[in-house]
Amino acid sequence: MRSSLVRQFGDPGQVIELVDIDRAAPGAGEVEIAISLSAINPSDLIPVTGAYSARTVLPFVPGFEGVGVVTRIGAGVRDLKPGDRVVPIGASGLWQQFLVRPAEWCFAVPDDIDDQQAATSYVNPLTALRLVEQLREHFGSLKGRRVGVTAAGSAIGGMLLRLLAMEDVTTTAIVRSEKSVRHLGDADRVIVADGVNLPPRLTFDAALDAVGGNLAGELIARCVQPGGIFIQYGALSGVPVPQAAISGRPDVRFTFFWLRTWVHSAGRNPLEVAFERSFAGLRDGLFASPIAAIYPLSRLAEALAHQEDPRRDGKILLDPRC
């Protein structure tokens with residue numbers, strides 16, 4: 001079968017190979033899934049660079065998010081059967097034609113959710129839901145709170161703005177270019193900040209950050225109010241949050257959120273509830289993700305180049321079947 005493969009860390013466009021590998025049979029408690037569509041996310045590419053080399057074992061197949069159809073089941077599998085559509089989670093490996101995964105890590109897709117929606121139902125929706133829940137755990141009621149969202153023009157940024165608007169939160173959307181502003185109808189205030197050029201006297205109770213680096217440092221140092229919370233869930237800049245900014249604000253709670261960590265600690269029932277909320281949000285548009293293009297896996301190099309194009313407007317999906 002056709003698969004992508006990373007044998008060494010480096011530039012994703014240079015080190016991700018296309019290979020033919022043997023198709024594995026599912027063992028006890030496992031299912032084989034024919035992948036229909038898989039997504040390209042920043043979280044797929046960062047491990048390829050070696051940023052998480054201490055916890056990434058080579059070689060590996062990238063791809064954390066997608067949808068497929070069960071083709072074979074192993075002994076003891078009762079809740080799934082061939083023909084069922086599922087979202088498999090829990091590890092990478094979706095940039096290939098067939099995937100073997102424990103049945104307990106597969107979540108059934110309702111019939112009214114199409115493959116494109118299902119292929120984007122995991123990483124961003126579950127992250128957005130959990131981030132808002134963390135704010136609620138910190139503050140109790142969110143009504144009247146002020147929250148800053150970086151990378152607000154991204155798909156997940158839009159989801160966060162829509163979720164927070166439902167909580168009666170005043171939101172500040174922080175983007176790096178004017179191009180992103182047209183996507184931000186749910187924000188109460190929009191700031192275009194290239195680097196750390198933030199307006200004076202910009203304040204909020206919490207910040208949800210996907211950028212890191214100096215921008216995050218400035219937000220912590222002078223924007224988040226005492227008793228507030230700063231949650232970092234991404235590092236698009238490739239630069240850590242300055243430690244001096246964190247240590248200099250003991251009156252602000254600083255925390256990371258990594259979806260993988262939560263998924264592996266949450267248990268099956270909370271994950272089922274989260275996917276039910278994700279599918280509901282896909283139906284009503286709350287978690288809608290525009291699709292920029294769908295590429296055959298055989299054209300992975302083109303798909304990766306499109307992913308890095310600053311003019312890209314939507315998610316890139318891969319079709320491993322061709």
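## A280 and its helix

A280 is partly exposed, with a relative accessible area of 33%. Here, buried means under 20% relative accessible area, exposed means over 50%, and partly exposed lies in between (1.4 Å probe, protein chains only). The areas come from the Shrake-Rupley method with a 1.4 Å probe, and for residues only the protein chains shown count as cover. A280 belongs to helix α9, residues 268–284. Its C-alpha atom is 9.4 Å from that of I113, although 167 residues separate the two along the chain.

This is a predicted model: local features need pLDDT of at least 70, side-chain atom pairs count only at pLDDT 80 or more, and totals for chains, interfaces and linings use all residues. Residues are numbered from 1 along each chain as its sequence is written, and side-chain values use heavy atoms, with hydrogens and water left out.

## The whole protein

The protein has ten helices and 15 strands. Both are DSSP runs, numbered from the N terminus: helices are H or I with at least four residues, strands are E with at least two. The radius of gyration is 20 Å, close to the 20 Å that the globule rule gives for 322 residues, so the protein is as compact as a globular protein of that length. That radius is taken over C-alpha atoms, and the rule is 2.2 Å times the number of residues to the power 0.38. The C-alpha atoms fill a box of roughly 60 × 40 × 35 Å along the principal axes.

Of the 322 residues, 51% count as buried. The accessible surface is about 14300 Å², and carbon and sulfur atoms supply 50% of it. Now take the contacts (heavy atoms within 4.5 Å). Among those with a separation of 6 or more, 68% join residues 24 or more positions apart.

## Helix α5

Helix α5 covers residues 155–166. Its twelve residues should span 16 Å at 1.5 Å a residue, and its end C-alpha atoms are 17 Å apart, which agrees. The expected span is 1.5 Å times one less than the number of residues.

Which residues of α5 are buried? They are I156, G157, G158, M159, L160, L161, L163 and L164. Their cover includes two elements with lower numbers, α4 (123–139) and β8 (146–150). It also includes β9 (170–175) and β11 (204–209).

## Loop residues

S289 sits in the loop between α9 and β14 (291–296). S289 is buried, with a relative accessible area of 13%. Leaving out residues up to four places away in sequence, S289 touches T120, A155, M159 and K315. One of these, M159, is also among the buried residues of α5.

D168 comes just after α5, in the loop between α5 and β9. D168 is not a glycine, yet its phi is positive, about 60°. D168 is partly exposed, at 44% relative accessible area. R201 is another residue other than glycine with a positive phi, near 60°. The loop between β10 (189–192) and β11 holds R201. R201 counts as exposed, at 75% relative accessibility.

## A cis peptide bond

Where is the peptide bond cis? The bond from L58 to P59 is cis, with omega near -10°. P59 lies in the loop between α2 (42–49) and β4 (66–73).
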